[in-house]
Amino acid sequence: MLDKDIITQLKGIFANLETSFTFVVNGASNREETRNMVEFARDFASSSPAIEVKEVDTPTEENAPVLEIWRDGNPTGVSFCGIPNGHEFTSLILAVLNGAGMGKNLPDDALRTRIEHLQGPCELFTFVSLTCTNCPDVVQALNIIALINPAYSNKTIDGAVAQEMVKTYNIQSVPTVYANGELLHVGRSDLGELVSKLEEKFGSAAEPGADDATARGFDAIVAGGGPAGAAAAIYLARKGLKTAVVAGRIGGQVKDTTDIENLISVPLTTGTALAADIRKHLEAYDITILDNRKIASCNLEGFPKTITTDSRETFAAPILVIATGASWRRLGVPGEEEYIGRGVAFCTHCDAPFFAGKRVAVVGGGNSGIEAAIDLAGIASHVDVFEFLDELKADEVLRKKLATFDNVDVHLSSAVSEVEGNGSKVTGLKVKDRKTDTVNHYDVDGVFVQIGLTPNSAPFDEQLKVNKGKEIITDRAGRTDVAGVYAAGDVSDTPFKQIVIAMGSGATAALSAVDDRMRGITPS
């Protein structure tokens, strides 16, 4: 089941594993998929004497084999329905390492305390696709919660092997998370956001205001952990400034990118690999990484500057570099929010398989929209592309590629006015022809929104100058209109939203901050 080279690599990963683990495989032993799961588990377990396999010949409610992870003879609350191959293979490895306290993605003390204080009991199950690039982050985060808080469990369900459950819950997007049978979350996320959602839904045993404190002692704070934020932090640290990075996740939007072919000197890499390299580079310096946090507010008046997170932590420093990036822009029309995860989607790599043989729509005629349409054309029965402008904005090479598909219709000068549904899923779109003012109805089963990005400037836009698109306005050196505050990357008005440009923008902002410090504009 597992390649010998993979087993050899696993032996290296688990060479120092001392905690005892048992992979308990549940499922009818006379079924092929159960036998395959057992073979997979045994191959995996052969990498370490600390891991053993136990078979339980019992049908499961998912009608598919389930692998439970037990630690020192007790269930950890972490399990996988379906063989965790593909992107979830890493989730399995990390579940073992984190269960032994050896994982590198374990939360810091502040976030761990929040997880310990979560009220339960709570049974989580997470629908995934093994080809989904967003799913592992959610799975790994929920597994960490289960490993830390005994009142929580998380079962990762491969939708391809649990078709009955997929139909029952009308799953049309992954990752989709249910908590005690109720929908909790759809789409990409990180540990901090998921903990916040669970606190809101189930409560916390922590006393109100217990975490309210201001962490000082930093020379500079970088808000954001993507290419711009990482570059800024590294340049600041290299200049001897004590630097902290406060971010949702290291890598930012890069983690949602598949192949990257325009990072100079690197002919080809992936978003996941680049995000890992970014973290490794940050860790090579004396930089405090405070990830899994969402910035809720700030105070930029005077010195020091302060930022406060959704977990009530406050960080202060005389220098603040804002590099919080951007997020997918929404249509903002009736029905969109209601049907996210039930036909409205943003990631073709994650959700396209759910629409095999169905009619779908792509909203947006830029590069991302046409790339999505090309991906979907090979899966869906028909694809309608709606572009607001009078012509497609995508590169010529993509337009030519799209023209080779006979199951794609392009509608220009078209404004989507409503997403229609039957209460459980998307059934169609209302689209206004901007030239004739005629409103047409299109029967579609899914809508992929690809209309660009919106900057994550909300915590700062009332204290800094921003343009009409809410981008933070900077001079050519990354300075904002407030002394000691700098902006870089996609959150700023830096033109051309590209990884290599964001990195340069972050470095420029950091060097400007160092220069201002030397000249006494900001205090040392």
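Biologist: Leaving aside its neighbours within four places in sequence, which residues is Gly77 in contact with?

Modeller: In this predicted model, Gly77 touches Ile69, Ala146, Tyr152, Ser153 and Asn154, once neighbours within four places in sequence are set aside.

Biologist: Where is the place of Gly77, then?

Modeller: Gly77 sits in strand β4, which covers residues 74–81.

Biologist: And does Gly77 count as buried, exposed or partly exposed?

Modeller: Gly77 has 22% relative accessibility, so it counts as partly exposed. The cut-off for buried is under 20%.

Biologist: How far apart are Gly77 and Ala151, in sequence and in space?

Modeller: They are 74 residues apart along the sequence, and 8.7 Å apart in space, going C-alpha to C-alpha.

Biologist: OK, helices now. At what angle do α5 and α7 pack?

Modeller: About 55°, and their axes are 9 Å apart. Helix α5 is residues 135–148, and helix α7 is residues 191–202.

Biologist: What do you call that arrangement of α5 and α7?

Modeller: With that angle, α5 and α7 are oblique to each other. The crossing of α5 past α7 is right-handed.

Biologist: Which residues meet there, from α5 and from α7?

Modeller: From α5 you have Val138, Ala141, Leu142, Ile144 and Ile145, and they meet Leu191, Leu194, Val195 and Leu198 of α7.

Biologist: How do the residues of that contact divide into nonpolar, polar and charged?

Modeller: Nine are nonpolar, none are polar and none are charged in the contact of α5 with α7.

Biologist: Switching to cysteines. How many disulfides does the structure hold?

Modeller: Zero. Take Cys122: it is in no disulfide, and the nearest cysteine sulfur is that of Cys81, 18 Å away. A pair of sulfurs has to be within 2.5 Å to count as a disulfide, so 18 Å is no match.

Biologist: Is Cys122 buried or exposed?

Modeller: Cys122 is buried, because its relative accessibility is 3%.

Biologist: What about Cys298, buried or exposed?

Modeller: Cys298 is at 13% relative accessibility, so it counts as buried.

Biologist: Last one: where does Gly520 lie?

Modeller: Gly520 is in the segment after α13, and that helix covers 499–518.

Biologist: Buried or exposed, that Gly520?

Modeller: Exposed, because the relative accessible area of Gly520 is 56%; the cut-off is over 50%.

Biologist: And how far is Gly520 from Ile322, in sequence and in space?

Modeller: The two are 198 residues apart in sequence, and the C-alpha to C-alpha distance between Gly520 and Ile322 is 21 Å.

Technical notes: Residues are numbered from 1 along each chain as its sequence is written. This is a predicted model: local features need pLDDT of at least 70, side-chain atom pairs count only at pLDDT 80 or more; totals for chains, interfaces and linings use all residues. Side-chain values use heavy atoms; hydrogens and water are left out. Axes are lines fitted to C-alpha atoms, for helices over the stretch in contact, and angles run from 0 to 180 degrees between N-to-C directions. Helices (H or I, at least four residues) and strands (E, at least two) are DSSP runs, numbered from the N terminus. Angles under 35 degrees count as roughly parallel, over 145 as roughly antiparallel, 65 to 115 as roughly perpendicular and the rest as oblique. A crossing is left-handed if the near helix is turned anticlockwise from the far one by less than a right angle, and right-handed if clockwise. Contact means heavy atoms within 4.5 Å. Ala, Val, Leu, Ile, Met, Phe, Trp, Tyr, Cys and Pro count as nonpolar, Asp, Glu, Lys and Arg as charged, and the others, Gly among them, as polar. Buried means under 20% relative accessible area, exposed over 50%, partly exposed in between (1.4 Å probe, protein chains only).
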